[in-house]
Amino acid sequence: VQNMPGASSVIAANYVYGVAKPDGLTLGMIGSGFYLDQLLGKKEVNYDVGKFNFIGSVDQRDLMLFMRADAPWKSMDDILAAKEQPKCGATGTSDLTTIVANILEETLGAKINVVRGYPGGAEIDLAVEKGEIHCRGTGITTHYAREPYFTWHKNGFDRHIIQTGAKRDPRLADAPTLNELMDKKKTPEISRSVARVLLISATLGRPLVATPGIPPERVKVLRDAYVKAFKEAEVVEKAKKKKLEIETLSGEEVETQMRDVMNQPREVIERVKKLAE
């Protein structure tokens, strides 16, 4: 395993796409928002999402926005009414914090000051603890699977502001869903479509991709092995111990989702681009 951090997985995606040999021996597990950087026309992107070989995906999740409990914003209503914007940490233009912030701006008109450039999630969490920033967007599963969140929840350190699932997660019963707030605000359909494009990053999970040009028979071997691996008893047991949920998508399913999201109406794409300006 070789960690290749940087630009919310753009560096890793560029490497797998254009540098790795097309033999199926180099794979990349990249951030699920990598397609957004291509939609936004980022100059750093040297890949074409449609040409990757998708092997599969795990870690599909709904998203949430959490905040320090001592921050002055106790709810979305507070954020909407405030003169000062909360500062939320992010790694780049397509990480989960940025996606949550963009969705809230498009659908509810909420303004959040996204502070980009952190190397990763651990650094963002540390910045929240130090009071450098107030908040972060992340996956609900992640937020209930590891430290520092176990300790935070015991100490009442953080507050949960919003979640993106179709219904409230029992662990976040006090946090309204995005759908609830959009219905309350009567958010128009075009903005809801923008939210769906952005939320593919959550429902897609963390895809495993392979270099373009790999022989189809090798792609099939990799896809079959991926699905089988997550059904093995040892893997399932380890996931339970770590409080992780295993839900996999096949390579074919990921490919279909990517094709659909990359073929959105121009008006939707333009709105997504405007949010990133």
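This note goes through the overall form, the strands, one buried glycine and the two main pockets of a predicted model.

1. Overall form. The protein has 277 residues, for which a compact globule would have a radius of gyration near 19 Å, and the value found for the protein, 19 Å, agrees with that expectation. Along the principal axes, the C-alpha trace spans about 55 × 45 × 30 Å. The secondary structure comes to 13 helices and 9 strands.

2. Burial and contacts. Of the 277 residues, 51% count as buried. Among contacts with a separation of 6 or more, 75% are made by residues 24 or more positions apart, and a reader following the chain may wish to keep this share in mind when turning to the individual elements below.

3. The open sheet. Four strands are arranged as an open sheet in the order β1-β8-β2-β9, and the pairing is antiparallel. Because β1 and β9 (249-250) stand at the edges, each with a single partner strand, one side of each is left without a neighbour in the sheet. For the edge strand β1, the partner is β8 (residues 206-210), with 3 bridges between the two in the antiparallel sense; within this pair, leucine 27 is placed opposite alanine 210 of β8.

4. Strands β3 and β7. Strand β3 (residues 63-68) and β7 run antiparallel and are joined by 5 bridges, with methionine 67 having arginine 159 in β7 as its bridge partner. Strand β7 (residues 158-163) is largely enclosed by the rest of the structure, because 5 of its 6 residues are buried.

5. Glycine 251. This residue belongs to helix α12 (residues 251-261). Is glycine 251 buried or exposed? Its relative accessibility is 1%, and since the cut-off for burial is under 20%, glycine 251 counts as buried. Leaving aside residues up to four places away in sequence, glycine 251 touches Phe54, Ile55, Gly56 and Arg223. Glycine 205, by comparison, stands 46 residues from glycine 251 in sequence and 12 Å from it in space, taken from C-alpha to C-alpha.

6. The largest pocket. This pocket holds about 1,400 Å³ of space. Its lining is made up of 49 residues, and those closest to the centre are Ser9, Met29, Ile30, Gly31 and Arg206. Two or more lining residues come from each of α1 (10-18), β1 (27-29), α4 (96-108), α5 (121-130), β6 (135-139), α6 (140-143) and α11 (233-241), so that β1, described above as an edge strand of the open sheet, is also one of the elements contributing to this lining. By class, the lining residues divide into 21 nonpolar, 20 polar and 8 charged.

7. The second largest pocket. Here the volume is about 240 Å³, and the lining consists of 15 residues, with Thr164, Leu178, Asn179, Arg196 and Leu199 nearest the centre. The elements that supply two or more residues to this lining are α8 (178-185) and α9 (189-203). Which element gives the most to the lining of the second largest pocket? That element is α9, with 7 residues. The classes in this lining are 7 nonpolar, 4 polar and 4 charged residues.

Terms used
Residues numbered from 1 in each chain as written. Predicted model: local features only at pLDDT ≥ 70, side-chain atom pairs only at ≥ 80, totals over all residues. Heavy atoms only, no water. 1 Å grid on protein atoms, 1.4 Å probe; cavity = no way out; pocket = protein on both sides within 12 Å on 5 of 7 lines; lining within 4 Å. Points joined across faces, edges and corners; volume = space filled by probe spheres on them. Nonpolar A, V, L, I, M, F, W, Y, C, P; charged D, E, K, R; others polar. Pairing = 2+ DSSP bridges. Rg over C-alpha atoms; globule rule 2.2 N^0.38 Å. Buried < 20%, exposed > 50% of the residue type's maximum accessible area, 1.4 Å probe, protein only. Contact = heavy atoms within 4.5 Å.
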